[in-house]
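Please open the model in a viewer and keep a selection panel at hand. The tour proceeds by selection, from whole chains down to single residues.

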Amino acid sequence: MEPVATTFFFYLLSGLAILSGVLVITRKNPVHSALALILTLLCLAGLYLMLYAPFVAGVQIILYVGGIMVLFLFVIMLVNLERSQKEKQFNQQWVPGILAAVALGALFVTIYIKGDALFVRPEMRFPEAENTQQVGQMLYSNYMFPFEIASLLLLVAIIGAVVMAKKRI
Amino acid sequence: MAPITTIHYLVVAAALFVLGVIGVLTRRNVVIVLMSVELILNAVNLNLVAFSRIWGLHGQVFAIFVITDAAAEAAVGLGILIAFFRNKETVNVDEIDLLKW
Amino acid sequence: MPSFITSYLDKNIHVTPGQYGSPFWALVYILVVFGGVSLAVVCMNWLERKILAHMQIRLGPMRVGPHGLLQPIADAIKLILKEDIIPEGADRFVFWIAPMIILLAVFSVYTVVPFGPTHAITDMNIGILFMLGVSSLGVLGIVMAGWASNSHYPLIGALRSSAQMVSYEVAMGLAVISAVVMTSLNAEGTGTLSMIGIVQAQYAQHVWFIFKFFPLGLIAFFIFAVAMVAETNRAPFDLPEAESELTAGFHTEYSGLRWSLFMLGEYAAMIAVSSIAITLWLGGWMRPFPNLLSGPTWDLAFSFFPALTFFALAGMTFYSTMRMPRHSYFRVQTIGLGAFGAVFAVIGLILLLPGVNGRVQDIYWFIFKIAVFMYLYIWYRGTFPRYRFDQLMKVGWKILLPMGIGVLMLTGIVALRTELWDFMHEALRRLVHV
């Protein structure tokens with residue numbers, strides 16, 4: 001059964017996500033940008049919930065908002081320069097940049113509309129009560145190797161970040 | 001209103017991706033460039049999770065891996081930024097040009 | 001009565017309003033929880049000052065009302081009437097929004113706290129994951145509060161406080177995982193992340209998880225108990241907000257009503273993480289000794305506890321009333337205290353009615369356990385000296401984290417010991433035969 005207010009919440013969350021995305025790239029103050037990015041991430045977590053992916057939504061909130069954005073805010077506080085907010089914010093090639101990106105976006109939307117027949121409808125409905133269990137089973141059986149590699153990658157990233165941010169190696 | 005299909009989610013993801021690309025290409029502040037990269041990664045995640053409704057749970061598992069790798073990459077990128085900021089007191093990408101001829 | 005109100009009141013419905021999909025009753029539950037938490041914060045304010053005072057052999061607030069009972073109200077009025085100062089050069093938007101983010105993070109945790117099998121606002125099947133994630137949003141609020149104050153004491157306090165919270169979140173997460181592993185040992189063989197499911201797993205396995213696989217459950221609970229005290233920046237881990245060290249840390253520049261929002265957030269966070277600990281290890285809403293002292297007579301005996309608690313409180317209040325000085329100056333206070341005691345007695349009598357008694361059991365035991373935890377928090381504050389910041393980080397990373405990993409590994413091995421034994425048996429057999 002489709003939840004009741006799906007359309008309303010979809011438009012609300014996606015509109016808010018895109019609006020905060022625009023705020024991320026246009027704010028002068030990096031802290032305001034970081035706050036807008038936090039809002040985008042939370043809206044995306046809501047969209048994941050609507051896509052019957054509660055585990056990914058939970059992981060997004062814990063890792064992205066509670067981990068990565070805290071890291072960003074720390075670094076912004078450490079490198080915050082008052083004078084950097086009074087300088088130019090956009091570089092010299094901003095017009096070609098925007099044009100190229102918009103062309104890319106138009107390409108995407110064209111592909112989606114032209115390839116409309118390839119999308120399977122109606123979509124699958126996962127029983128939401130077993131999402132975590134099924135993701136866990138997949139993670140430990142099909143994706144065991146990437147799982148272990150990801151832990152190794154995180155170890156390397158921790159060591160790299162600590163070594164690079166130390167004052168004296 | 002039309003029921004919300006997969007294409008709606010893909011269009012939202014495309015919009016976020018384009019915003020992230022604009023941020024990477026146009027901003028001078030390194031931290032904001034890194035945040036735009038995070039926007040791009042999130043757009044990709046939304047794409048993956050939207051498609052996982054059609055093709056199975058593999059999309060969600062891959063999205064979890066993308067989030068993990070985004071964390072690692074953000075940590076390393078910000079470490080580099082701090083190391084560079086200690087040498088030259090700037091956070092603008094076009095002033096980080098010590099290797100330029 | 002409109003159907004959206006009465007449809008949930010049907011006798012056959014045994015789910016929370018969020019799961020059933022009734023927004024009206026979910027809103028009612030939200031308002032009740034919000035009011036209850038605010039009332040609890042007000043009581044905690046008074047209780048903390050009185051209990052700390054009695055531990056330090058002094059009396060605490062005695063003047064404002066009888067035995068200082070009106071002190072929190074006086075504090076609230078004072079804070080509301082104070083001038084709202086925003087420091088010069090502070091980022092106004094971030095300064096304004098930081099307490100709100102903390103409150104948003106802390107109060108969102110309460111949507112999944114289970115006060116009973118159907119007495120929660122909702123029950124997500126990622127309940128514990130949601131609680132951990134949302135409580136980590138509080139760190140963002142602290143960082144922004146410290147940064148927006150544009151002054152170095154709050155900045156250092158915010159950096160230290162958020163570093164501490166992030167470090168102890170890791171240990172908390174490991175302890176939580178080892179408790180969730182224990183939920184998978186029930187009959188169906190599948191664990192669950194939902195809060196109500198975790199308590200029901202303890203009910204089905206007839207043991208509180210703190211006593212399961214002794215001493216593993218106890219060590220996991222201990223890790224979580226230490227980490228939760230550090231997570232809420234309470235003594236002995238309160239260096240970032242101690243007055244003698246950093247002049248109140250990240251909320252130095254906040255005055256009046258904004259500061260009271262931080263205080264509300266801190267106490268509400270204490271209650272929230274205590275409710276996580278209670279749900280995961282201490283059996284949630286179950287009464288003590290569900291297995292050892294089971295049966296209808298013991299159920300009946302334990303069912304009198306709510307009324308007895310309120311009668312005991314009424315008795316203490318009447319005793320204090322008797323001991324008030326007999327001077328005309330104290331007449332109003334004596335009458336007020338007596339009326340307070342009478343209110344407690346009336347509530348106790350209402351709880352004796354059979355209809356009310358049956359419904360209130362789960363909620364009572366949950367709140368009783370929360371009260372025990374709050375007393376423990378105040379006891380820690382009155383007893384332990386403060387940790388220095390490097391000692392604090394050392395405890396978080398070098399002591400609690402290895403302990404958490406060890407407990408998790410051992411819990412996994414003990415939980416799957418039969419499968420592990422069969423696997424090794426089979427592997428040895430194949431090795432020897434081939």
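The stops below cover the chain pairs, the division of one chain, a pair of helices and three backbone sites.

**Stop 1: the three chains**

The model is predicted, and colouring by chain is a suitable start. Two pairs of chains touch, and the pair with the most contacts is A and B. Chains B and C, by contrast, do not touch, and their nearest C-alpha atoms are 14 Å apart.

**Stop 2: chain A against chain B**

Select the residues of chains A and B that are in contact: 72 belong to chain A and 61 to chain B. On the side of chain A that touches chain B, at least two residues come from each of α1 (6–26), α2, α3, α4 (94–114), α5 and α6 (144–165). Which helix supplies the largest share of this side of chain A? It is α3(A), with 13 residues. Colouring this side of chain A by residue class gives 53 nonpolar, 15 polar and four charged residues.

**Stop 3: chain A against chain C**

Move next to the contact between chains A and C, where 18 residues of chain A meet 20 residues of chain C. Here the helices of chain A that each supply at least two residues are α2 (30–50), α3 (54–78) and α5 (131–141). The helix α3(A) gives the most to this side, with 12 residues. By class, the side of chain A that touches chain C comprises 13 nonpolar residues, four polar residues and one charged residue.

**Stop 4: the domains of chain A**

Now display chain A alone and select residues 1–81 as domain 1 and residues 134–169 as domain 2. The C-alpha centres of these two domains of chain A lie 23 Å apart.

**Stop 5: a loop residue of chain A**

Remain in chain A and select Tyr52(A), in the loop between α2 and α3. Its phi is near 60°, a positive value in a residue other than glycine. Most residues other than glycine have a negative phi. Is Tyr52(A) buried or exposed? Tyr52(A) has 20 C-beta neighbours inside 10 Å and therefore counts as buried, the threshold being 20 or more.

**Stop 6: two helices of chain C**

Switch to chain C and select α7 (residues 138–148) together with α8 (residues 152–183). The axes of these helices come within 7 Å and cross at roughly 165°. Angles over 145 degrees count as roughly antiparallel, and α7(C) and α8(C) are therefore roughly antiparallel to each other. The crossing of α7(C) past α8(C) is left-handed.

To view the contact itself, show side chains in both helices. The residues contributed by α7(C) include Val139(C), Ile142(C) and Trp147(C), while those from α8(C) include Leu155(C), Leu159(C) and Met165(C). The residues of this contact divide into 11 nonpolar and four polar, with no charged residue.

**Stop 7: the α9–α10 loop of chain C**

The last selection is the loop between α9 (195–204) and α10 (216–231) of chain C, where Pro215(C) is found. The peptide bond from Phe214(C) to Pro215(C) is cis, with omega near 5°. Most peptide bonds are trans.

His206(C) also lies in the loop between α9 and α10 of chain C. The phi of His206(C) is near 60°, a positive value in a residue other than glycine. With 10 C-beta neighbours inside 10 Å, His206(C) counts as exposed.

Notes: Residues are numbered from 1 along each chain as its sequence is written. Chains are lettered from A and ligands numbered from 1 in the order in which they are written. This is a predicted model: local features need pLDDT of at least 70, side-chain atom pairs count only at pLDDT 80 or more; totals for chains, interfaces and linings use all residues. Domain bounds come from an automatic or database domain assignment. Two residues are in contact if their C-beta atoms, placed from the backbone, lie within 7 Å. Helices (H or I, at least four residues) and strands (E, at least two) are DSSP runs, numbered from the N terminus. Ala, Val, Leu, Ile, Met, Phe, Trp, Tyr, Cys and Pro count as nonpolar, Asp, Glu, Lys and Arg as charged, and the others, Gly among them, as polar. Axes are lines fitted to C-alpha atoms, for helices over the stretch in contact, and angles run from 0 to 180 degrees between N-to-C directions. Angles under 35 degrees count as roughly parallel, over 145 as roughly antiparallel, 65 to 115 as roughly perpendicular and the rest as oblique. A crossing is left-handed if the near helix is turned anticlockwise from the far one by less than a right angle, and right-handed if clockwise. A residue is buried if 20 or more other C-beta atoms lie within 10 Å of its own, exposed if 12 or fewer, and partly exposed in between; C-beta atoms are placed from the backbone.
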